[in-house]
Amino acid sequence: MRMQQFRRTVAGLVALALLAGAQAQQVTIEFWHSMGGVLGEATEALVQEFNKSQREVRVKSQYVGSYDDGINKLLAALRAGRGYPHVIQVYDIGARILADSGAVLPLEDLARKEGFDLGRFLAQPRNYYTVDGKLYGLPFNSSNPILYFNMAAFEEAGVAFRPSWSLKDLEEAARKLTKKDAQGRTLRYGLSIPIDSWFVEQISYNSGEYFCNNENGRKARATAVTFDNEAAVAFLDMYARLVREGVAANTGRTWADSQSLFAQGQAAIAAYSTASLTGVLRQVGNRFPLRTAFYPYVGQRNGVAIGGAALYLLKGFPEAETKAAWAFIRFLLEPKTQAKWHLATGYFPVVQGVTELPEVRQAHVRQPNYTTAIQQLLTSKANTASAGCLMGAFPEIRQYVQAAWEETLRGKPAREALREAKSRADQALERYNRSVAQR
């Protein structure tokens, strides 16, 4: 009996020693992200799946607030020289800032060293995050803007669905879809778009216009904005005109307010990201059939730029931790992982072959709206307009564009409001470029 007890004790000690050894070898890395709500649930699910799939690496994820909050927190940590993560998700407009920071590893170098085929990426996401000829961030959650339609309202108003819309056609449809009571009060708006610079940027790109000079900062560093272009002027003037007429809703800068209005059937057309799709479908439920279409354009359709964010690896960590962070990023870019992410959120896959997987094909048959953003991307022209604007100070500059939109709603002509905003934006960009040159 004593011998058996001794053996059990020894076996327990050996097991504890082995466990301690395994834990000692496990590498822990920190991952900061800006995905909340439905998107946050999907992000945390992928982190947990990765942690359970192996024992060598443990990812500690942290939600750091909005995209603006995330990049500001990172820059503060970099200035302090401590407290920054191994991996961070930074939105599209942070690409120039991260490349200029000198704090991130160019992931193109690491990918080539580790034998990761960069040709697996779709061209547009890869092109967007290429700065000065080198890929710095690996696109993870990529999106583009799409239109959301209440098809019950369309049928009631006799408006036909079409997959692609000019801005003029959209305005005409919005008027037909608006419902008012006998006193002229709006019961259902024809159109609802949040006040967000992103929609002004995208109408520019989709109309073949640039948002900043030097061909969107793709031929040389951007030194001035060009968001007072004809497409942006037409877009803001149209929206202000429709708000005055009670045809378009003014829900301010908060996307959630606009989405609630649409989901309740109080707006017939809305514009959001494709990443909003899963959440909007949940909100709408069985109230009405929903269809999605391409984002509008002025003149001829050129192509939208991607939105969303990329993953960046920070410098300054031991090699083992950098390799662990790279393993996590590789996992997120696997086709099976991308398929789960796409179907859980609405973000389109950024690597080749995902749409051919059986589970994705079946899901697209059940919910065709998931294909809209993919088709919009594939049919967009690949040029420096649709590549999107690459410039520093972009987060600050977006605030000036949104303020110009609000000025237009208060009655100022869009051209005048955008030109005033351009003056402030150009000053911000000059300050940023000067600060980078002094490093």
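Which helix holds arginine 424? Select that residue to start: arginine 424 lies in helix 19, which runs over residues 414–437. The model you have open is predicted.

**Stop 1: arginine 424**

Show the side chain of arginine 424. This residue has 37% relative accessibility, so it counts as partly exposed. Now add tyrosine 129 and draw a distance between the two C-alpha atoms. The separation between arginine 424 and tyrosine 129 is 26 Å. Along the chain, the two are 295 residues apart.

**Stop 2: the whole chain**

Zoom out and colour by secondary structure. The protein has 19 helices and 13 strands. Turn the model along its principal axes: the C-alpha atoms fill a box of roughly 95 × 55 × 35 Å. The radius of gyration is 24 Å, and a compact globule of 439 residues would have one near 22 Å, so the two agree.

Switch on the surface. About 18900 Å² is accessible, and carbon and sulfur atoms account for 50% of that. Of the 439 residues, 54% are buried. Next, colour by charge. You will find 52 positive and 41 negative side chains. The centres of these two sets lie 5 Å apart.

How many of the contacts between residues at least 6 apart in sequence join residues at least 24 apart? The share is 77%. The next stops include some pairs that are far apart in sequence.

**Stop 3: valine 27**

Select strand 1, residues 27–33; valine 27 is found there. Is valine 27 buried or exposed? It is buried, because its relative accessibility is 18% and the cut-off for buried is under 20%.

Show what surrounds valine 27. Setting aside residues up to four places away in sequence, valine 27 touches Glu56, Val57, Arg58, Ala320, Glu321 and Ala324. Then pick valine 59. The C-alpha atoms of valine 27 and valine 59 are separated by 8.5 Å, with their positions 32 residues apart along the chain.

**Stop 4: threonine 43**

Move to helix 2, where threonine 43 has its place. Threonine 43 has a relative accessible area of 4%, so it is buried. Which residues does threonine 43 touch, not counting those up to four places away in sequence? They are Phe31, His33, Met35 and Trp341.

**Stop 5: isoleucine 146**

Select strand 7 and find isoleucine 146 in it. At 0% relative accessibility, isoleucine 146 counts as buried. Show its contacts, leaving aside neighbours within four places in sequence. Among them are Ala270, Ala271, Tyr272, Ser273 and Thr274. Thr292, Ala293 and Tyr295 also contact isoleucine 146, as do Thr372, Ala373 and Gln376. Measure to alanine 270: C-alpha to C-alpha, isoleucine 146 and alanine 270 are 8.5 Å apart in space, yet 124 residues apart in sequence.

**Stop 6: helix 8**

Select residues 167–177, which form helix 8. Its buried residues are Leu167, Leu170, Glu171, Ala173, Ala174 and Leu177. Look down the axis. The buried residues cover an arc of only 165°, so they sit on the same side of helix 8. An α-helix has 3.6 residues a turn, so residues three or four places apart point the same way. Now rotate to the face turned away from the buried side. There you meet the exposed residues Lys168 and Lys176.

**Stop 7: helix 10**

Go to residues 213–217, helix 10, and select glutamate 215. Its phi is positive, about 55°, although glutamate 215 is not a glycine. Glutamate 215 is partly exposed, because its relative accessibility is 31%.

Step to asparagine 216, also found in helix 10. Asparagine 216 has a phi near 65°, again positive in a residue other than glycine. At 0% relative accessibility, asparagine 216 counts as buried.

**Stop 8: helix 13**

Finish at residues 277–284, helix 13. Show Leu277, Thr278, Val280 and Val284, which are buried. Seen down the axis, the buried residues of helix 13 fall within an arc of 165°, so they line one face.

What covers these buried residues? The cover includes helix 2 (37–53), helix 12 (255–263) and helix 15 (335–345). It also includes strand 7 (145–150), strand 11 (267–273) and strand 12 (290–294). Last, select glycine 285, just after helix 13: its phi is positive, about 60°.

How values were computed:
Residues numbered from 1 in each chain as written. Predicted model: local features only at pLDDT ≥ 70, side-chain atom pairs only at ≥ 80, totals over all residues. Heavy atoms only, no water. Buried < 20%, exposed > 50% of the residue type's maximum accessible area, 1.4 Å probe, protein only. Helix = DSSP H or I, 4+ residues; strand = E, 2+ residues; numbered from the N terminus. Arc of directions from axis to C-beta. Contact = heavy atoms within 4.5 Å. Rg over C-alpha atoms; globule rule 2.2 N^0.38 Å. Areas by Shrake-Rupley, 256 points an atom, 1.4 Å probe, with all protein chains shown as cover. Lys, Arg positive; Asp, Glu negative; His and termini not counted. Charge placed at Lys NZ, Arg CZ, Asp CG, Glu CD.
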